[in-house]
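Hi,

Here is the structure I said I would pass on. Have a look at it first, and then read my notes underneath.

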Amino acid sequence: MFTNSLPKYEYLAADAIEQIHETALMVLEKFGIEFNHPEAVEILERAGAEVADRETNLIKFPRELVLQNIAKAPSQFTLHARNPEHTVIIGGNNMVMAPVYGPPFVHDIDRGRREATMEDFCNFVKLAQSVPQIHNAGGTIVEPEDEPQDTRHLDMVYSLIKYSDKSFMGSVTSAANARDTIALARVVFGDISDKPVVISLINVNSPRRYDTRMLESLIEYGKAGQPVIVTPFILAGAMSPVALGGTLVQQNAEALAGLTLTQLINPGTPVVYGSFLSNTDMQSGSPCFGTPESAMGLFVSAQMARRYKLPFRSGGGLTASKLPDAQAMYEATMGFWPTFLAGTNFVLHAAGWLESGLVSSYEKFVMDVELLRMMEVFLRGIPLDAEGLALDAFEEVGPGGHFLGAEHTMRHFRTAFYRPLISDVMNYERWVQKGAKSADVRANEMWKKWLKEYQEPPLDPAKDEALREFIAKRKQAIQTETV
């Protein structure tokens, strides 16, 4: 984890945050949210919510139902990894980084853009395992198109467990897939009823609708006591109003509705207040990332999460660029600064995101890690002890001198200042002698080096055998059901 003790940036005043809060509660009471799942509707109605339309399953929420239930969720929780050294705490001043999530395509500068495969999936898991700045192995880092859709989730979850000993994310494409994830987690961890070991992403189908698959997964993970990240997926102008204030109200209402349901299913279950908020280009209709509006929305969303004393998820190296180029990195940087200044607790898409989330990029993964390493140094602050103030160096070096050979410099030169991972700081002549390589070429060499040096973390052979046995039986059962 990163520890972020810096003051959290307050973009809006407290009274403006309260205005968004109150307006969102009004939206929930007056306009409601659709829940396309009979069990979810039953749970909400039994708790006192109004089923305003039984054809569309439109639910209206009394404000007290919302406030009483979200107050039951913990402000932070421990997410266990099979290697205790990689167990993380989500909430407080902790920041947990997870790689890109969801793309069906991959890109590297050797082969270009192509459909993702299971080999790519395993490669990205290994890269996540290899990098200290990535704390969670991820979930659907890529969507392996060379595996059957009905069973690929089993191989994906197994790979997350096998090739990494960090915490990981669960499958959310159906109730069955969620149950399979939970079953595999139990093979590794035993009883998980009071032990969060897998965290899963639940997206709202904005505007104001939870679809069947997301609700199935939310219910399964909730019953098992496993945390979920409830995240409205909003591109303002298409999935919410062009007015950012209205978008923030909609996002808050959608998130609060899902968070309320989690606590009705299993009070005290860990949850994360999620935000994925950017905007649509009003000329082309394309999604935009790394925009001023997305930064503003991130800051305010973090304030809303703190208002409810809940962990917060957002941020990442988002970009609309098609290549790991200058646009990719200035848009990613525009996303990383608010991510860190807002104190985001769980950062999905922290490395590898390209082309508006359609592509997992090998080179962009490395370039994002460079940014993470720089932000990690930024979070350390400025020591003001005797060594930090360096008075002995002033005493040793007189006016007009230099500090290169000072005793204080000699004590610290190996650790002083940030040392780049792939950024080039050589003079021009030296750079030419080294091959005149651009940043993406250096990133290409780095991810290949990481994969070559990767060491698989040990897994108890008995557990590995049990995982494989479960997967084989489930695949056979799924194939039988399909036939």
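Below is what I found, starting with the overall picture and ending with a few backbone details.

A word on the ground rules: this is a predicted model, so local features need pLDDT of at least 70 and side-chain atom pairs count only at pLDDT 80 or more, while totals for chains, interfaces and linings use all residues. Residues are numbered from 1 along each chain as its sequence is written, and side-chain values use heavy atoms, with hydrogens and water left out.

**Overall**

The protein has 17 helices and 20 strands. Those are DSSP runs numbered from the N terminus, with helices being H or I of at least four residues and strands being E of at least two. The radius of gyration is 24 Å, close to the 23 Å from the globule rule for 483 residues, so the protein is as compact as a globular protein of that length. (The radius is taken over C-alpha atoms, and the rule is 2.2 Å times the number of residues to the power 0.38.) The C-alpha trace spans about 80 × 55 × 45 Å along its principal axes.

Of the 483 residues, 54% are buried; that means under 20% relative accessible area, with exposed being over 50% and partly exposed in between (1.4 Å probe, protein chains only). Take the contacts (heavy atoms within 4.5 Å) between residues at least 6 apart in sequence: 76% of them join residues at least 24 apart. About 21000 Å² of the protein is exposed, and carbon and sulfur atoms supply 54% of that; the areas come from the Shrake-Rupley method with a 1.4 Å probe.

As for charge, there are 45 positive and 59 negative side chains, and the centres of the two sets lie 2 Å apart. Lys and Arg count as positive, Asp and Glu as negative, and His and the chain ends are not counted. Each charge is placed at NZ of Lys, CZ of Arg, CG of Asp or CD of Glu.

**Two sheets to look at**

One open sheet has four strands in the order 3-4-2-12, with mixed pairing. Strands 3 and 12 (209-210) are at its edges with a single partner strand each, so one side of each has no neighbour in the sheet. Pairing here takes at least two DSSP bridges between two strands. Strand 3 (residues 50-53) runs antiparallel to strand 4 (residues 58-60), and three bridges join them. Among the bridge partners, Glu50 goes with Lys60 and Asp53 with Leu58. Their hairpin has four residues between the strands, and Asn57 takes a positive phi near 60 degrees there.

The other open sheet, also mixed, runs 9-8-20-19. Its edges are strand 9 (112-115) and strand 19 (353-354), each pairing on one side only. Strand 8 (residues 105-108) and strand 20 (residues 359-361) are parallel over three bridges, and Phe105 has Val359 as its bridge partner.

**Backbone oddities**

Most residues other than glycine have a negative phi, and most peptide bonds are trans. Here are some exceptions.

- Ser206 and Pro207 are joined by a cis peptide bond, with omega about 10 degrees. Pro207 is in the loop between strand 11 (198-204) and strand 12.
- Lys309 has a positive phi near 55 degrees. It is in the loop between helix 9 (292-307) and strand 17 (312-313), and is exposed at 61% relative accessible area.
- Ser356 also has a positive phi, about 55 degrees. It lies in the loop between strand 19 and strand 20, and is partly exposed at 22%.

Cheers
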